[in-house]
Amino acid sequence: MSLQTQEIAKRLADIRRLVPGDGVFVPLAEAFDRAAATIDKPMQLAIIGKISSSKSTLVNAILGKEELLPTGQKEVTFNVCWLKYGDPRADVVIHHKDGSPERRVPRAQLDALATIEGGNLDNISYIEIFDDSEILRSINIIDTPGLDALRNKDSQNTLDFIAHVRPDAVIMLFTHSVSDNVLDIVRQFNAESAFSPLNALGVLTKIDVLWQETIPRVKSALEISKKTVKGLTRRNPMLKKTIFEMYPVSALMFLATTTLTQGMLTDIRTAYLADTQAFDKSLVKVDSFLNNEASGLAPERRRKLVDTLGLYGIAVVRDAIKADPEVDLATVRETLRHESGADAFAKTLYNHFGLRSELIKIEGISQHIRGAIRTVRGRISNPAHSALLAQIDQRVADTFASLAQEHREYELLNAIYNNEIDLDPADAEECCTIFGEHGTSAPQLLGMPSGSTPDQMLARALERENSWRATIAREPDPDERRWMTVVLGSYTRLRLRIQEMKYTLQLARSFLYNE
Ligand SMILES: Nc1nc2c(ncn2[C@@H]2O[C@H](COP(=O)(O)OP(=O)(O)O)[C@@H](O)[C@H]2O)c(=O)[nH]1
Ligand SMILES: [Mg+2]
């Protein structure tokens, strides 16, 4: 927990003491108690979408673990899995709906869930799984079974769980055949909670399948799917209000950047060089690839390639081999990563979500408490209660005011990404940089090479401050001045932080090295 968050936690605890625990104040007391219980926990990120929309595969790919979450149609996949930071060798914990004690079982036994639970799968509320991937330190990932009208029970399970946990953020998965069904879900989520571009990302999944279905295949899956995304957002304006951006991703290929082996790369090279024409032709359909005897590969190896990469993944690897027959595994993995759409998606996941996980969480807490204040206000009839509530309201506002700058940055970024504000490209780029989209070290925020000295950085920050101040002074349009002031505020805050760090560094040097 950062110092800022600790400070907020302390202040909220102080305000909580003012809130009576009974009568009309109960919802507010509950909101404060909930805040106290969650503020030091990692951000909770839920993955939602229809069944088989690639949710579990995407989570495995993000974590770089082939089999962490079961995929396909195994029984486990019909349950909510809550991924937390911990020892990957630890038992998984099965939590029950009826209050019966939780059950710990070795992770390897998860596939036999029905047997473990004596067939009573309906009684499972969620399954806790531990892993040591770095991202889980700040973000817990909640993989849900999927929201489908056809599987009403599991959908209800997901909704109940989400209502209970109130995730701070979501990734919503869409397949290219986006049905009204998914949009209904989005609508439902929007009504029930506070998802907005600030805490929700969209993913158009299985773009490799989209490529497979598009004839002739002259464009890459990314190019084809970018069009699909555009069409989708144009036809469904509410998507824009609900998610930050929709990223096209093939989770299978993203995962293959972990699972592709040297042996598989060699197999593709062998098969391709054995008969290039037969190989190219076989990429039309999965069956043709599996039946391509000219490849010289045993059938199970062909199967393995399709399962790991999909046809499009194989085509991408083939193209890499075409361009350089000696291409190595690391290069191929990098190409796959790019063509899978993972580069753009992961960048946003880390920069937009990961680095802001505390802010997003605190935003959620702030909204929840403010909502509770409004509820209580609507029920109050006693003037003394009314005065007390006003006092609490003021102190809550003061507490969250320190977040104002970060929040404004966040909103402005959002407006930039959604084209709601028309900046010239250089200004937009500067905003993204100073707001941390390219990394959050001081040199990165300033767009300077690492290794720049504190004095160089101070000079740069000051120069940008002065330049923005002058621009603001010349700007007649108040709307323009508003976003410029946010940028100016960011430079000022950064300059003060660098100064403070420089001073601390000097103290440390003199103490440690007598310099
Ligand atoms: N071709 C292709 N198949 C995928 C992709 N992602 C997942 N799959 C397959 O689709 C099925 C469902 O995936 P899963 O991750 O279990 O979906 P979930 O139900 O949303 O968790 C599995 O058989 C996956 O191997 C993808 O990007 N491309
Ligand atoms: Mg799943």
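## Strand β8 and its surroundings

β8 is mostly covered, with 5 of its 5 residues buried. Keep in mind that this is a predicted model. The briefing starts at that strand, moves out through the sheet and the domains to ligand 1, and ends with some backbone details and a few single residues.

**β8 and its neighbours**

- Both faces of β8 are covered: Ala-200, Gly-202 and Leu-204 are buried on one side, and Leu-201 and Val-203 are buried on the other.
- On the β7 side, 5 bridges tie β7 (residues 169-174) to β8 (residues 200-204), and the two strands run parallel.
- Two residue pairs help you find your way along that pairing: Val-170 sits opposite Ala-200 in β8, and Leu-173 has Val-203 in β8 as its bridge partner.
- β9 pairs with β8 too, again in the parallel sense, over 3 bridges.
- Val-203 turns up here as well, with Tyr-247 as its bridge partner in β9.
- Helix α9 (residues 221-235) lies across β8 and β9, and runs at about 155° to β9.

**The whole sheet**

- Zoom out and you get an open sheet of 9 strands with mixed pairing, in the order β4-β3-β5-β2-β6-β1-β7-β8-β9.
- Its edge strands are β4 (103-105) and β9 (246-248), each of which pairs on one side only.
- From one strand to the next, the twist averages 25°.

**Domains**

- The domain assignment splits the chain into five pieces: domain 1 (3-39 + 356-401), domain 2 (41-167), domain 3 (172-250), domain 4 (259-340) and domain 5 (404-513).
- Domain 3 touches domain 5 through 5 residues, which are in contact with 4 residues of domain 5.
- On the domain 3 side of that contact there are 3 nonpolar and 2 charged residues, and no polar ones.

**Around ligand 1**

- If you're setting up a look at the ligand, there are 20 residues around ligand 1, and Lys-55, Ser-56, Thr-57, Thr-71 and Leu-252 come nearest.
- Sorted by class, the shell around ligand 1 has 13 polar, 4 nonpolar and 3 charged residues.
- Three helices, α3 (55-63), α8 (207-213) and α11 (251-259), each put at least two residues into the shell around ligand 1.
- Of the shell, α3 provides the largest share, with 3 residues.
- Where does ligand 1 lie with respect to domain 2 and domain 3? Domain 2 (41-167) and domain 3 (172-250) both give residues to its shell, so ligand 1 lies between them.

**Backbone details to check**

- There's a cis peptide bond from Ile-215 to Pro-216, with omega near -10°.
- Pro-216 belongs to the loop between α8 and α9.
- Ser-52 is not a glycine, yet has a positive phi of about 65°.
- You'll find Ser-52 in the loop between β1 (43-48) and α3.
- Ser-52 has 17 other C-beta atoms within 10 Å, so it counts as partly exposed.
- Arg-166 is another residue other than glycine with a positive phi, here near 50°.
- Arg-166 sits in the loop between α6 (152-165) and β7.
- With 16 C-beta neighbours inside 10 Å, Arg-166 is also put down as partly exposed.

**Residues elsewhere in the chain**

- Arg-11 is part of helix α1 (residues 3-16).
- Is Arg-11 buried or partly exposed? Arg-11 has 16 other C-beta atoms within 10 Å, so it is partly exposed; the cut-off for buried is 20 or more.
- Arg-11 and Arg-395 are 384 residues apart along the chain, while their C-alpha atoms are separated by 8.7 Å.
- Glu-300 is found in helix α15 (residues 299-323).
- Glu-300 has 9 other C-beta atoms within 10 Å, so it is exposed; that class takes residues with 12 or fewer.
- Glu-300 and Thr-348 are 48 residues apart along the chain, and the separation between their C-alpha atoms is 37 Å.

How values were computed
Residues numbered from 1 in each chain as written. Chains lettered and ligands numbered in written order. Predicted model: local features only at pLDDT ≥ 70, side-chain atom pairs only at ≥ 80, totals over all residues. Near = placed C-beta within 6 Å. Helix = DSSP H or I, 4+ residues; strand = E, 2+ residues; numbered from the N terminus. Nonpolar A, V, L, I, M, F, W, Y, C, P; charged D, E, K, R; others polar. Domains from an automatic or database assignment. Pairing = 2+ DSSP bridges. Axes fitted to C-alpha atoms, helices over the stretch in contact; angles between N-to-C directions. Contact = placed C-beta atoms within 7 Å.
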